[in-house]
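Visitor: Hi! I'd like a quick tour of this protein. Could you show it to me?

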Amino acid sequence: MDKEIPDPEPSACPDWIKTDPFLERAFNFADRLHQGQYRASGEAYIIHPVAVASLLRDLGGSNALITAGLLHDVIEDTDTTAEELEAEFGVEVARLVRGVTKLSKFNFGSKTERQAENFRRMFMAMAQDFRVIVVKLADRLHNMRTLHHLAPEKQQAIARETMEIFAPLANRLGIGQFKWELEDLSFKYLEPEQYRRMQSLVADTRANREEQIEGVVRELKERLDRLGLSHSSVSGRPKHLYGIYRKMLRQSKGYDEIYDVLAVRIIVQTIDECYRALAVAHDAFKPIPGRFKDYIALPKSNRYQSLHTTILLSTGQPIEVQIRTEAMHNIAEYGVAAHWKYKESSNGIVADDRFVWLRQLVEWQKEYRDDQEYLESVKEDLFDSEVYVFSPKGDVYQLPRGATPVDFAYRVHTELGNHCCGAIVNQRMVPLHTELQNGDIVTILRQNNAHPSLDWINFVATNSAKHRIRQWYKRSNREENIARGTSLLEKELGKNGLETLLQSPQMLKIAERCNYHTVEDLLAALGYGEISVMSVVHKLREQPPNQVLKLPAGPASKLKTPIVGLDGLLHHIASCCKPLPGEPIIGVVTQGSNRGISVHHQECHNLKNIPAERLIPIRWSEQQEKATTYPVDIEITAIDRVGVMKDILARVADNKVNVRQASVDTAPGKAAIIKLRIDIIDREQYERTCAQIQKMSDIIAVKRVIQEG
Ligand code: MN
C-alpha cells in the first residue's frame, strides 16, 4: 500500500499578488514546488521569489516579468522543466526563467577562460532580452539583503561578485536604485571597518546637515515659486555611503572636503525650466567654478540626464544641486525599466539602439580569440570611468578616461583607426596622443595610405585599440607585402629593367606622388592592396618621357586615359583649379617644359592670359574609374558658432567624401572662414556636397578655391 503523503501546507499569498489571477497562479505553482525548501534564515523558500517579484513590480515591470520573478528558481531548484513552464505560463515567461537559470550557473570568480565564457554568454543573453539581467539583478539584490544568514566565506565571495559585476551592470542599465543598494551592501561585507567608519561620519553630521539642506531647499523653493516654476519639487537627499567613500579614496580627501555629501534635487516640468532653475540656484548661492556639468546636452551612456552644479553656503559648506525633469528622474531611478513599458512585447525586448555598448560587447566576442584580452576589454568597458565624445555627425561614443583620438578612431571602425593620420578636436588639429575630454567633438582625418604606428600602443587607453594595432602589424607582414607588390608590378611591366626602375630617383618620385615616403612603402601598399597597380602605372606614364626611358615595355599600353582627346599625350591635372570628372575642361600645352598637357577647368581664371593656340579641346571620358578621387579645395564662409565645423563635416561625411585637410579661421565679430581639402570622385558628388553645405542656415558662402598660377 502506498504511503500517504500529506498535502503540503500552502504559504500565505501576499495581497498584491492576489489581485491578479495570473500572478496568483504563478505564486501557487512556485509555492508548491518549493515546499520543503528553506532559506538560510530558516524561512520558507517562497519568501525569496516573492521579494524578487516585488522588486520587479517596483521597477514597473510587466506581468510576464513579475511572473518570471516568482518562478525564477523553479527550473534550477525543482524538477520542473522549461517545457512545463511554457505550457503553464506561456513562452515569454518560460524564456525569461530559462535565461535566468542559465545565468545562475555562471561563476565570475573562476579561471580566465571560464570567466570569459561566462561573460560571453551573459552578454548574449542580454542582447536577446535584457530583462533576464534585470530579474537576475533583483534576485541578487534580495540575496544581498539577506546575506548575513550565510557563512562568512560565502558572504565574501557573493559580495565581491556583486561589487565587480552586478553593481556595474545595474549602473550600465541605468537602474540607479539597484546600483546604490548593491554597492552599499557589498561595501558592508567587503570592508566592514570602512563601512562602519562612513556610517558614523555620516551620522555625526546628520543633524547639522539636515538643517543646512532644509535652509537651501526653503530658499530655492521660494525663488522658484516667485518665477512661476511652481510645479518643481525640491528635496534634499543623503548620498549613499559607498559613493562618498570612493570619492574620498579617489580624490584622497577627507570627509569634510567632499563636495557632494550634501545634495539637493530640483525636479521641474521641462528642459527649458531646468536651465531656468539652474540660473535661480546660481543666483541664490555662489556656484563653485568648474563644477557645472550638463548631462542634459551630453547624456551619459546609460541615458542619465541632469544638470549638476555645486553651490557654496555662507558657512563654506558645498552642496551639490541636481536639476532634471520628471522623465529624466524616472530614467535615473529605473533606467531601462523606465521605458520598457512601451517596448515590452511577447518577443522579448531587444536592447534598443541607445545601448550601443551592449552591441559592442557582443561584437567583441566574435573578434577576440584570446580570453585574457577579451576579459580585459569587457571589464574596462563595463567598469572604467568614462568620457563621452562626439563624432562629427553627433553620435555619442563612450570611452575610458585617458582615451585618445586613436582610441576613438578604432572605436568607430577598425579601418578608420588603421588609416587615421590626424585628428581635429573641437575644430583644432591636435596630436594623436591628446587625451579626450567629455563633450569633445572628434574628427578623424584618414588617408588611405596612412597606417598605425607602433608607438601608438604606448599611449592608447583601450585594450581594443592596442589589440587592433598589434593585429595590423601582424597582418601587414612587410617583407611579404613588398615581395607581393614587386611581383604585381612585374606582371604589368615585365621583368626587364624593373630592378633598375625600382632603384631610380623617378620611382621614388612616383612613390612620393602616391603619398609614400619610400619605394618600399609603395611596394608594400601594392602588396596589401591599398593602391592599385594601375594607378602606379598611370603615374609612371605621366612622368616626363625623357625620364621614363627606362620604363620597360609591357602590356601597360592597354591603359586608357580618363580624358578624351589626350590619347598618348603626357598630361597632368592643373593644380590651380583641380577640375573634376564631369566638369568642362580644356587642355593647355605647357611651355618650355616637359610636363605635356595641363588639364584645366574651363572657368579657371588662370586661362585668360593663355593664347588660343596653346589650348586644345578635351573632355572627360564617360567611363570614369569610380575608385579614383581628386583633391578639391573649398572655402566656406560661415556665421561663427559652436559646432558649425562639426555640422559641415557631417554633411561632407554624409556624401562619403574624405577630408584631407581642414582649417578654421575665426576672429571676434567676423564670419569664420573654413578651408577644406576634400577627395572627390566627380562633379556630381562635388556639387551635391556643396549644395548640402550651402543649405545650412549658418553658411554664408561656399566656393571653390582656385590658386593663382
Ligand atoms: Mn533566486
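Guide: Happy to! A word first: donors are N, O and S atoms within 2.8 Å of the metal. Also keep in mind that this is a predicted model.

Visitor: Okay, so which protein donors does the manganese ion have?

Guide: They are His-48 (NE2), His-72 (NE2), Asp-73 (OD) and Asp-139 (OD), and they lie 2.2 to 2.4 Å from the manganese ion.

Visitor: How are those donor residues spaced in sequence?

Guide: The pattern for the manganese ion reads H-x23-H-D-x65-D.

Visitor: And His-72 and Asp-73, buried or exposed?

Guide: Both His-72 and Asp-73 are buried.

Visitor: New topic: how many aromatic pairs are there?

Guide: The count comes to 8 aromatic pairs. Take Trp-620 and Tyr-630: their ring centres are 5.6 Å apart and their planes stand at 75 degrees, so this pair is edge-to-face.

Visitor: Where do Trp-620 and Tyr-630 lie?

Guide: Trp-620 belongs to strand β17 (residues 619-620) and Tyr-630 to strand β18 (residues 630-638), so the pair ties together parts 10 residues apart in sequence. Trp-620 and Tyr-630 are both buried, too.

Visitor: Which residues form an aromatic cluster?

Guide: Phe-187, Tyr-195, Tyr-242 and Tyr-245 come together in one.

Visitor: Last one: what sits over the ring of Tyr-45?

Guide: That's the charged end of Arg-39, 5.9 Å from the centre of the Tyr-45 ring. You can also look at Arg-57, which lies over the face of Trp-16 at 4.3 Å from the ring centre.

Definitions and conventions
Residues are numbered from 1 along each chain as its sequence is written. This is a predicted model: local features need pLDDT of at least 70, side-chain atom pairs count only at pLDDT 80 or more; totals for chains, interfaces and linings use all residues. Side-chain values use heavy atoms; hydrogens and water are left out. Rings of Phe, Tyr and Trp (its six-membered ring) pair if their centres lie within 6.5 Å; planes under 30 degrees apart count as stacked, over 60 as edge-to-face and the rest as tilted. Helices (H or I, at least four residues) and strands (E, at least two) are DSSP runs, numbered from the N terminus. Buried means under 20% relative accessible area, exposed over 50%, partly exposed in between (1.4 Å probe, protein chains only). A charge sits over a ring if NZ of Lys or CZ of Arg is within 6 Å of the ring centre and within 35 degrees of the ring normal. Donors are N, O and S atoms within 2.8 Å of the metal (3.2 Å for Na, K and Ca); water is not among the atoms, so sites may look incomplete.
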